[in-house]
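Trainee: I would like a close look at one part of this model. Please pick a single piece and walk me through it, along with whatever surrounds it.

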Amino acid sequence: MFSILAANFPAKPQADSGTKQENTMKQEDDFEANLAGDEGQSEESKSGWFRRIKKGILTSTAEKKETPEGLWTKCPNCNYICTVTELRENLFVCPKCTHHHRIGSSEYFEILFNDNQYEVLFENIRSKDFLHFTDLKSYQKRLEETWAKTDITDSIRVAAGDLKEHRFVVACMDFEFIGGSLGSVMGERISRAVDYCLQNRAPLMIICKSGGARMMESAFSLMQMAKVSGKLSQLSDARLPYICLLTDPSFGGVSASFGMLGDLNIAEPGALIGFAGPRVIKETIKKDLPEGFQRSEFLLEHGFLDFIVNRKELKDKIATLLTLFKG
Ligand SMILES: [Zn+2]
């Protein structure tokens, strides 16, 4: 085999590759000389722009220019890189694969309410460490740290405003506040949101994004499941619609109670929704889970959801639904 090749391609290619190798080696030498600040041999072959005059990097740390943080973002699904501005204009949906990035309540309010005009309600209700619970640190300390770190006051924010021609109330969870956990404050804020809806004859939407109950509040946290579920039935009695939007991730006590009690239960594409996480289930039942298990598409197929909505169509779809409910 080798001899045939050698016969077909005589001496010339070998000479070529030899020259190439020499060139590469020379380039490497030049590059190193340049890095080290050595001048000489290759001076005329290089532009002055790329020639380092002094050896080493001499910029002091204080003078170094930082790339602004958070300017670029990478899609966790398809690795597409784009600017945060581009992503924001696309409502935090990947322009390439339509992966829905996780966003907070401010972003959802901006998407839903006309001209970003809304009133935030019940901000004065705050969590309290009434059980004096301590894990790695005390619950009180955890709360204070989270308040200092974020500009949100608890894991859910309630806002009232106009969505197209409809008066609308949205209660939206923030995952960055202790994993969007269901505590007494979330329960109370939703209850008051229901009262507000009853007084103003407005429909309610809860946007779920939670890891489940807040363990630092123990049974008080679990009680919120019953409290909110009971309270929501008053909306039903008053013939006011309640829509539940499940986003990635919606787990534990939230999905096991009011997260599945909507007149309409809808979800964003690809959202992970369930009670216990897939790893826990897999370890318990000792069986492989089906593909796409607990994703919104899987849940839709198995009858848990009414439909899946792309974030870019969310506002229009909700407006149509509210018109239909009114009729
Ligand atoms: Zn993507």
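Mentor: Let's start with helix 7, whose buried residues pack against helix 6, strand 6 and strand 7; contact here means heavy atoms within 4.5 Å. Before we go on, please keep in mind that this is a predicted model, in which local features need pLDDT of at least 70, side-chain atom pairs count only at pLDDT 80 or more, and totals for chains, interfaces and linings use all residues. Residues are numbered from 1 along each chain as its sequence is written, and side-chain values use heavy atoms, with hydrogens and water left out.

The residues of helix 7 that are buried are S221, Q224, V228, K231, L232 and L235 (buried is under 20% relative accessible area, exposed over 50%, partly exposed in between, with a 1.4 Å probe and protein chains only). The helix itself covers residues 218-237, 20 residues in total, and spans 31 Å from its first C-alpha to its last, close to the 28 Å expected at 1.5 Å a residue. That expected span is 1.5 Å times one less than the number of residues. Helices (H or I, at least four residues) and strands (E, at least two) are DSSP runs, numbered from the N terminus.

Just past this helix comes R239, with a positive phi near 55°. R201 has a positive phi too, about 50°, although it is not a glycine. You will find R201 in the loop between helix 6 and strand 6 (204-210), and it counts as exposed at 51% relative accessibility. For background, most residues other than glycine have a negative phi, and most peptide bonds are trans.

Now look at how the helix joins its neighbours: strand 6, helix 7 and strand 7 make a right-handed β-α-β unit. Right-handed means that, with the strands pointing away from the viewer, the path from the first strand over the helix to the second runs clockwise. Strands 6 and 7 are parallel partners over 6 bridges, and two strands pair if DSSP finds at least two bridges between them. Within that pairing, M205 faces I243 of strand 7.

Strand 7 deserves a moment of its own. Of its 9 residues, 9 are buried, so the strand is largely enclosed by the rest of the structure. It runs over residues 242-250 and includes P249, and the peptide bond from D248 to P249 is cis, with omega near -10°. Strand 7 also runs parallel to strand 8 (residues 264-267), joined by 4 bridges; here C244 has N265 of strand 8 as its bridge partner.

Step back and you can place these strands in an open sheet of 7 strands, ordered 3-4-5-6-7-8-9, with mixed pairing. At the edges stand strand 3 (118-121) and strand 9 (307-308), each with a single partner strand, so one side of each is left without a neighbour in the sheet. Elsewhere in the sheet, strand 4 (residues 156-163) pairs with strand 5 in the antiparallel sense over 8 bridges, with C172 of strand 5 as the bridge partner of R157.

One last stop is I178, in the loop between strand 5 (166-173) and helix 6 (184-200). I178 has a positive phi of about 45° although it is not a glycine, and it is buried, with a relative accessible area of 19%.
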